[in-house]
Amino acid sequence: MPYQSIVDATELPRLVRLGPNLYGAVFSLMKLLPARFMIDRAEDRGALGTGTTIIETSSGTFALGLAMVARLRGYRLKIVGDPAIDRNLRMRLRGLGADVEIVERAGAQGGYQQARLDRVAELCEQIPDHFVPGQYDNKDNPTAYGRVAELVGDALGHVDCLVGPVGSGGSTGGLASFLRLANPGLHLVGVDTHGSVIFGMEDRPRLVRGLGNSLLPANVRHDAYDEVHWVNAAETFRATRDLHERKALFMGATSGAAHLVAQWWAARNPGAKVVVMLPDEGNRYQETVYSEEWLHANGVLADRVPDAPHREDHPRSAGPDWSWMAWGRRTLDEVLAAAPAHGLAGSGAAV
C-alpha cells in the first residue's frame with residue numbers, strides 16, 4: 001500500500017546488519033517520529049486547533065521533524081534556535097513555512113539551550129493560543145519509540161543490548177523501556193560527549209551537535225542505563241567518516257559516536273545480540289564532519305579512532321578521550337555521591 005505522507009514513509013528506521021551480532025536501526029530523520037507522535041497526542045487532548053501556533057526550541061533535527069508535520073497539517077510553527085542552525089537547515093525550515101528565530105547570546109547558566117528556553121517563555125506570553133511540544137520533558141517523546149520496539153522485536157526477536165546517543169533522553173530510554181518488556185535484563189548503553197552535563201560532567205562548549213546537553217532533560221531516566229560512554233569531537237567525527245567509508249552509511253555525527261561504541265561492545269560480547277540507534281543522515285554535515293578543511297581548521301582532524309575506551313569509575317575523573325563507566329542503573333545523584341576510586345582506570349570490556 002502507498003504511504004499517506006512522507007512522514008509515514010520515513011519516520012521508522014531500516015534495520016541493517018552491521019556485524020555478526022550487531023544491527024543498526026538506521027533512521028533518515030529519527031526526530032520525525034516523536035515530533036509526529038507529540039502532535040498526534042496534543043490533537044487528541046484538544047491542545048492544538050486551527051489557530052494554534054506551535055513554539056519549540058531546537059537547533060537540529062527535531063525542528064525539521066516538527067516543520068514537516070506542521071506544514072502537512074497546516075499549523076503555524078515558530079522555532080527558536082541558535083547559531084548552530086546552519087544556513088542550509090534554516091533555508092529548509094523556512095521553505096516549510098517555519099518562522100526561525102536565532103538566539104545570538106548564550107545564557108550565563110545553561111548556555112544557548114537556556115537562552116532558547118527563556119525566549120520560548122517570552123513568546124508564550126505574547127501568543128496566547130500556542131502549544132509547546134517540549135522535547136526535553138514531554139513524556140510523549142520516549143513513548144513514541146514503542147513502534148520502533150515492535151519493528152525490532154518482529155525482525156530480531158530477543159535483543160540483549162541497546163546502544164544509542166543521548167540528547168533529550170527520549171530515544172534510548174524510550175526504546176529500552178519497551179524492549180525490556182520482553183527482556184528485563186536488556187543492557188542499555190548511553191553515548192554522550194565531553195562537556196555535557198547529562199551524565200555528570202561539567203558543562204563546557206561542545207563541537208558535537210545533537211549529542212549531550214547543557215541542561216539536564218527531565219526525559220533522561222538515569223536509572224535505566226547500565227553503562228555510559230563519553231566520546232570526544234575528533235573521535236566522533238572520525239568514527240562518522242569511518243561508518244561511511246566502511247559500511248556505506250552516510251550518517252550524522254551522533255550515529256558515528258554510537259556506532260563506535262556499539263561495534264566495540266558487540267565485539268567483546270559475541271554471544272549478545274546488539275542494536276545501535278543511528279539517528280539521521282549526513283546531508284547536514286557535508287561542510288563540517290565530512291570536510292577535511294573544516295576538521296583541520298577546528299583542530300579535530302583525526303587519522304583513526306582509539307582501539308578501546310578508558311574505563312573510569314566516576315564522571316568527574318573521565319579524561320578527554322573516549323571513556324566509559326559502569327553506570328549500574330543508578331540515579332545521577334547516586335553516581336555523583338560515590339567517591340572516585342583512584343587508580344582503577346584502564347581499558348576493559350563491558351560485562
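C124 counts as buried, because its relative accessibility is 17%, where buried means under 20% relative accessible area, exposed over 50% and partly exposed in between, with a 1.4 Å probe and protein chains only. C161 is likewise buried, at 0% relative accessibility. This is a predicted model, in which local features need pLDDT of at least 70, side-chain atom pairs count only at pLDDT 80 or more, and totals for chains, interfaces and linings use all residues. Residues are numbered from 1 along each chain as its sequence is written, and side-chain values use heavy atoms, with hydrogens and water left out.

**Cysteines**
- With a disulfide taken as a pair of cysteine sulfur atoms within 2.5 Å, the count is zero.

**Nonpolar cores**
- The largest nonpolar core (buried Ala, Val, Leu, Ile, Met, Phe, Trp, Tyr and Cys residues joined through side-chain atoms within 4.5 Å) has 39 residues, of which V163, F237, V274 and V276 touch the most other members.
- Helix α10 gives the most to this core, with nine residues; helices (H or I, at least four residues) and strands (E, at least two) are DSSP runs numbered from the N terminus.
- A second, separate core has 35 residues, including F37 and L162.
- Beyond its neighbours within four places in sequence, V274 is in contact (heavy atoms within 4.5 Å) with residues that include C161, V163 and W265.

**Sheet**
- Four strands form an open, parallel sheet in the order β5-β4-β3-β6, where two strands pair if DSSP finds at least two bridges between them.
- Strands β5 (99-102) and β6 (130-131) stand at the edges, each with a single partner strand, so one side of each has no neighbour in the sheet.
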